[in-house]
Every structure is written in C-alpha cells, then in structure tokens.
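This report describes how a ligand is held in a protein model and what lines the space around the ligand. Please keep the structure in view while reading.

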Amino acid sequence: MKRYRIEPGSRVDLSAIDPDDKSAFSGGKDEASVEQAALRARLERLQELLYAEHQHKVLIVLQAMDAGGKDGTIRAVFEGVNPQGVSVVSFKVPSAEELDHDYLWRVHRHVPGKGQMVIFNRSHYEDVLIARVRDLVRPKVWRRRYDQINDFERMLAEEGTTLLKFFLHIDPDEQKQRLQSRLDDPHKRWKFNAGDLDERRLWPQYMEAYNDALSATSTEWAPWYVVPANAKWYRNHVVARVIVETLEGLEMRYPRPPAELSEIVIK
Ligand code: ATP
Ligand code: MG
C-alpha cells in the first residue's frame with residue numbers, strides 16, 4: 001500500500017495520480033469482495049484487540065470532494081466492528097460557538113482515547129481547504145495552519161495515537177455521475193445538496209488547495225494516503241488494507257491475566 005502513501009516532504013500533484021488506478025489488486029470486483037470480507041474479519045479482530053489492550057488510540061481522517069465516497073467507505077470498511085470501540089465524527093460548517101474558538105478546539109475534544117478508534121468524516125483539514133478556497137480567512141492565516149496541524153498531530157502521535165489520513169481521489173466526471181444519480185434515484189435524493197454544485201465549480205481551486213495541504217502535512221507521524229476512488233470496490237480495498245496492515249504493525253496483545261486466574265474454579 002506504500003504506493004499510495006505520500007512521502008513526507010514530497011510534492012503532491014493530484015492531476016498526475018489516476019483516480020481509476022487499480023494496480024494494487026490483481027483481480028476484479030468479484031475477487032475483491034471475497035478479499036474484502038477477509039479484511040473485514042481481520043479488522044474486527046484487531047479492533048477487539050485494540051479495545052481489550054486499552055493502550056493504543058487510532059484516528060482515521062477521511063477527506064474528499066463532495067460525493068467522493070466518505071460515507072460509503074465508512075460503511076464498507078467498518079461494517080461489523082464493535083460499536084462500543086469505534087465512533088464516527090462528522091465535521092460540518094462550524095457553529096457560532098465553534099467559530100468563536102480556534103479551529104482545533106472542536107476537533108481536539110473528539111480525538112480517540114485509549115482503546116478507541118475514531119473516524120473523522122471531514123476534519124481540521126477543512127480549515128485549509130474550504131477556508132482557503134472560500135476566502136474564509138486570509139492567506140497568512142491558512143498558510144500558518146499547516147505547521148500548527150503538524151504540531152497538533154505530532155503531539156497526538158507522541159501521546160500514543162496512530163494517525164492515518166485518506167484523501168479519496170475521484171475525478172470531476174465521476175462526481176458528475178454520482179451527483180446525477182442522487183437526482184435520479186429517489187433513494188439517494190435526500191443526499192442531494194444544491195450547494196455541492198457551487199463547490200464543484202471551484203474544482204481547480206480545491207485541487208490546488210489539496211495539493212498544497214497534502215504536500216505540507218504528510219508526515220512520518222501522520223501520513224496521507226491518496227486513494228484512487230473512482231471505483232468504490234477498489235477504494236474500499238485500499239483503505240481497509242492500509243488500516244489492517246497498520247494495526248497489525250502495532251503488535252497489540254491481549255492483557256495478560258493475573259497468574260492466580262488458573263487457580264480459579266467456577267462451581
Ligand atoms: P454528505 O456526503 O452527506 O454531503 P458532507 O460531509 O458533505 O456529507 P454536508 O453537511 O453536506 O456534509 O457538508 C458539510 C459542509 O461543511 C462541507 O461543505 C464542508 O466543506 C463544510 N465544512 C466543514 N468544516 C468546515 C470548516 N471548518 N469551515 C467551513 N466549512 C466547513
Ligand atoms: Mg455534502
């Protein structure tokens with residue numbers, strides 16, 4: 001999965017990354033669904049271990065353009081995990097109270113505790129993306145946020161958090177099809193938001209903002225992965241594999257029972 005990891009210090013150019021790439025999986029959609037079930041089973045076990053060991057903290061950040069598949073990824077990858085140990089936090093337009101504080105205030109209170117896995121559906125990265133594209137703050141302000149974010153994430157990592165950040169990479173044609181199907185399919189209509197069309201018009205500006213943000217904030221302690229996401233099955237496969245392989249790398253152990261346990265007799 002290394003191929004999708006942004007090496008710290010390297011320059012990202014999303015226009016050079018193919019959203020249709022499927023090169024890390026030899027089979028097609030059908031084979032992938034078998035593999036996905038196996039990955040899900042591994043993730044379930046790992047999450048149980050994370051919860052039982054009560055040491056590590058896991059934070060997963062999902063960013064994408066509208067209809068980029070954040071919700072679908074969460075559903076597909078985390079289906080079956082124990083809801084007690086996993087939560088999803090969606091960051092919407094900040095409230096008045098949130099706007100009265102620094103931009104990390106609302107984020108910090110949701111980071112995972114020991115044994116917990118938290119998924120951010122959007123995140124503090126909105127504050128260098130939409131905030132930049134929509135001129136919500138001056139350039140001087142969003143520019144210095146890259147360092148602030150890196151420092152914040154390094155602190156979380158040093159305090160025991162494993163961070164993984166995914167940008168789900170689709171192209172404008174794929175977005176068009178997905179927005180159109182939200183209009184056409186009565187079951188998807190509730191997802192349609194006319195505001196998405198305004199953001200869609202700013203696609204080049206968003207890509208520029210993403211290029212800069214991904215370049216400036218992919219670090220050893222909180223790497224970005226750019227996931228080819230035009231094909232949903234491939235996107236799910238890549239995200240699940242990165243998470244599973246990273247969690248396996250933590251070498252978690254069930255807590256050791258006290259020695260006397262073997263002497264207990266239940267009558
Ligand atoms: P869906 O897939 O259901 O559309 P969504 O994440 O797009 O999910 P919405 O409620 O449609 O949810 O949109 C949230 C909006 O809030 C996005 O346009 C996002 O850019 C915006 N937003 C999130 N965080 C911030 C922020 N810090 N400042 C300004 N806007 C923000
Ligand atoms: Mg939306």
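A pocket is here an open set of grid points, computed over the protein atoms alone, with protein on both sides within 12 Å along at least five of seven lines. In this predicted model, the space taken by ligand 1 is the largest pocket, which has a volume of about 1400 Å³.

The lining of the largest pocket consists of 49 residues, and Asp66, Lys70, Lys92, Arg122 and Asp196 are those nearest its centre. By class, 22 of the lining residues are charged, 17 are nonpolar and 10 are polar. Several helices supply at least two lining residues each, among them helix H2 (70-78), helix H8 (195-201) and helix H10 (232-249), while H7 gives the most, with 5 residues.

Ligand 1 itself is surrounded by 14 residues, of which Lys92, Arg106, Arg122, Glu126 and Asp127 are the closest. This shell comprises 8 charged, 5 nonpolar and 1 polar residues.

The table gives polar contacts of the ligand.

| Ligand 1 atom | Protein partner (N or O atom) | Distance |
|---|---|---|
| oxygen | Lys92, side chain | 3.0 Å |
| oxygen | Val93, backbone | 3.2 Å |
| nitrogen | Arg106, side chain | 3.0 Å |

On its own, ligand 1 has 630 Å² of accessible area, and the protein covers 82% of this area. Lys92 thus appears in each of these descriptions: among the residues closest to ligand 1, among those nearest the centre of the largest pocket, and as a side-chain partner of a ligand oxygen atom at 3.0 Å.

Terms used: Residues are numbered from 1 along each chain as its sequence is written. Chains are lettered from A and ligands numbered from 1 in the order in which they are written. This is a predicted model: local features need pLDDT of at least 70, side-chain atom pairs count only at pLDDT 80 or more; totals for chains, interfaces and linings use all residues. Side-chain values use heavy atoms; hydrogens and water are left out. A residue is near a molecule or strand if one of its heavy atoms lies within 4 Å of it. A polar contact is a pair of N or O atoms within 3.5 Å; within protein, one must be able to donate a hydrogen and the other to accept it, and residues adjacent in sequence count only if both atoms are side-chain atoms. Accessible areas come from the Shrake-Rupley method with a 1.4 Å probe; for residues, only the protein chains shown count as cover. On a 1 Å grid over the protein atoms alone, a cavity is a set of points where a 1.4 Å probe fits but cannot get out, and a pocket is an open set with protein on both sides within 12 Å along at least five of seven lines; lining residues have an atom within 4 Å of a point. A molecule sits in a cavity or pocket if more than half of its atoms lie within 2 Å of its grid points. Ala, Val, Leu, Ile, Met, Phe, Trp, Tyr, Cys and Pro count as nonpolar, Asp, Glu, Lys and Arg as charged, and the others, Gly among them, as polar. Grid points are joined across faces, edges and corners, and a volume is the space filled by probe spheres set on the points. Helices (H or I, at least four residues) and strands (E, at least two) are DSSP runs, numbered from the N terminus.
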